Amino acid sequence: MKSPAFARRRQFIALVAVGLALAGCKPSADSGKTGDSSTGPIVVGEFASLHGSEAAFGQSSHKGTELAFDKIKATGGLLGREVKLIVEDNQSKAGESVTIAKKFLSRDHVVAVLGEVASGRSLEAGPICQAAGIPMISPSSTNPKVTEVGDHVFRVCFTDPFQGKLLSDFAWKTLKVRKVAILSDTASAYSVGLAEFFKQPFVAAGGEVVLEVKYASRDKDFKAQLTAIKASSPDGICVPGYYTEVGLIVKQARELGLTIPIFGGDGWEAPQLIEIAGGDALKNTYYSTHFSPSQDSPAVKEFVAAFKAKYNEVPDAMAALGYDSAMALAEAIKKAGTTDPAKLTAALAATDFTGVTGRTKLDAQRNATKPAVIITVENGQFKFLQTVEP
Ligand code: PHE
């Protein structure tokens with residue numbers, strides 16, 4: 001075991017290095033400070049995709065996080081100190097999250113980082129936080145690699161091996177799919193992973209993958225892939241992607257006369273899915289996610305009411321997980337009794353917290369095992385179908 005002093009020294013060195021890199025190797029007045037000043041406000045950094053092709057993710061997750069901070073502030077802050085949330089937008093662009101994480105550490109002296117929704121962007125910032133010894137909590141990145149980055153990276157959601165298996169079970173048992181085509185996004189760690197985590201149990205159950213085709217994020221025309229899918233005569237299509245492309249894929253599939261079930265994972269979740277695809281095209285589509293506002297629990301009802309009161313809209317899974325990520329951090333800070341990075345990391349590792357998405361008990365790999373929900377679209381509206389227990 002490394003001593004806290006050693007960890008602090010390592011963190012100090014890492015922060016100086018980051019600071020120097022940012023200042024173009026000129027030492028700045030700030031470059032030696034670490035995250036914890038133990039007086040003044042407790043500063044937390046949140047990075048999110050507030051603009052760009054996955055803006056729905058960041059907007060929604062941020063609203064949940066902000067609501068949690070309202071609550072923390074209303075109850076007197078943490079450890080007798082004020083709390084401050086600094087929010088940065090990566091515009092859904094690759095590369096930005098690294099720059100933001102470096103800035104959080106060297107300039108804002110954050111005690112922890114919250115983010116991201118998309119696994120690819122959590123995978124960018126994770127190594128920066130890990131090297132600095134500052135904890136990062138992803139609200140909703142489900143790819144296993146996210147927390148494999150190291151012992152300072154946590155998540156408060158389930159992972160894709162679970163999500164892939166439940167999609168496979170749902171396709172096999174409920175939709176009675178036997179021959180499937182998979183259309184995945186090569187540019188997204190999430191999509192590549194979930195395609196594989198769906199395929200393995202589906203094939204093991206006796207299913208056949210008749211075709212695997214790819215696209216890349218930001219593509220707009222999927223006719224070639226969908227024409228090939230049609231020719232391979234599947235009885236279901238698995239599209240483990242994000243809503244912007246999924247919306248277009250579903251729309252174009254229906255235009256080509258493919259009326260078979262189309263399904264995917266939490267990346268589908270966004271009101272924009274219905275705007276892009278249209279309610280009619282989304283008939284006979286299904287996705288799994290983390291939360292439904294129509295779940296019948298007092299915690300969910302209270303959260304939905306508070307969210308509606310503040311934003312005049314109904315929260316989705318990203319909002320609920322954004323909220324729980326901030327609340328889990330607040331719990332850990334209280335439990336640690338300090339924002340010292342090593343002690344806070346240890347308190348986070350022992351997380352067993354019940355929030356609006358259910359109980360979050362982290363395992364030794366810093367992952368949560370939690371139920372999922374399956375949603376469909378009926379009459380142009382999302383409709384909760386069922387809960388799937390792990
Ligand atoms: N799980 C997705 C990922 O890892 C992100 C996501 C979470 C999208 C929740 C929507 C809802 O990239």
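**Exercise 1.** Where does the ligand lie with respect to domain 1 and domain 2?

*Solution.* This is a predicted model, in which local features need pLDDT of at least 70 and side-chain atom pairs count only at pLDDT 80 or more, while totals for chains, interfaces and linings use all residues. Residues are numbered from 1 along each chain as its sequence is written, and side-chain values use heavy atoms, with hydrogens and water left out. Begin with the domain assignment, automatic or from a database, which gives domain 1 (42–158 + 296–370) and domain 2 (161–289). Next, look at the shell around the ligand: both domains give residues to it, so the ligand lies between them.

**Exercise 2.** Find which residues come nearest to the ligand.

*Solution.* A residue counts as near if one of its heavy atoms lies within 4 Å of the molecule. Of the 13 residues around the ligand, the nearest are Ser-119, Ser-140, Thr-142, Tyr-242 and Asp-266.

**Exercise 3.** Identify polar contacts of the ligand, and then state how much of its area the protein buries.

*Solution.* A polar contact here is a pair of N or O atoms within 3.5 Å. First, a polar backbone atom of Ser-140 is 2.9 Å from a nitrogen atom of the ligand. Second, a polar side-chain atom of Thr-142 lies 2.8 Å from a ligand nitrogen atom. Third, a side-chain N or O atom of Tyr-242 is 2.5 Å from an oxygen atom of the ligand. Finally, the ligand taken alone exposes 320 Å², of which the protein buries 100% (Shrake-Rupley method, 1.4 Å probe).

Notes. A polar contact is a pair of N or O atoms within 3.5 Å; within protein, one must be able to donate a hydrogen and the other to accept it, and residues adjacent in sequence count only if both atoms are side-chain atoms.
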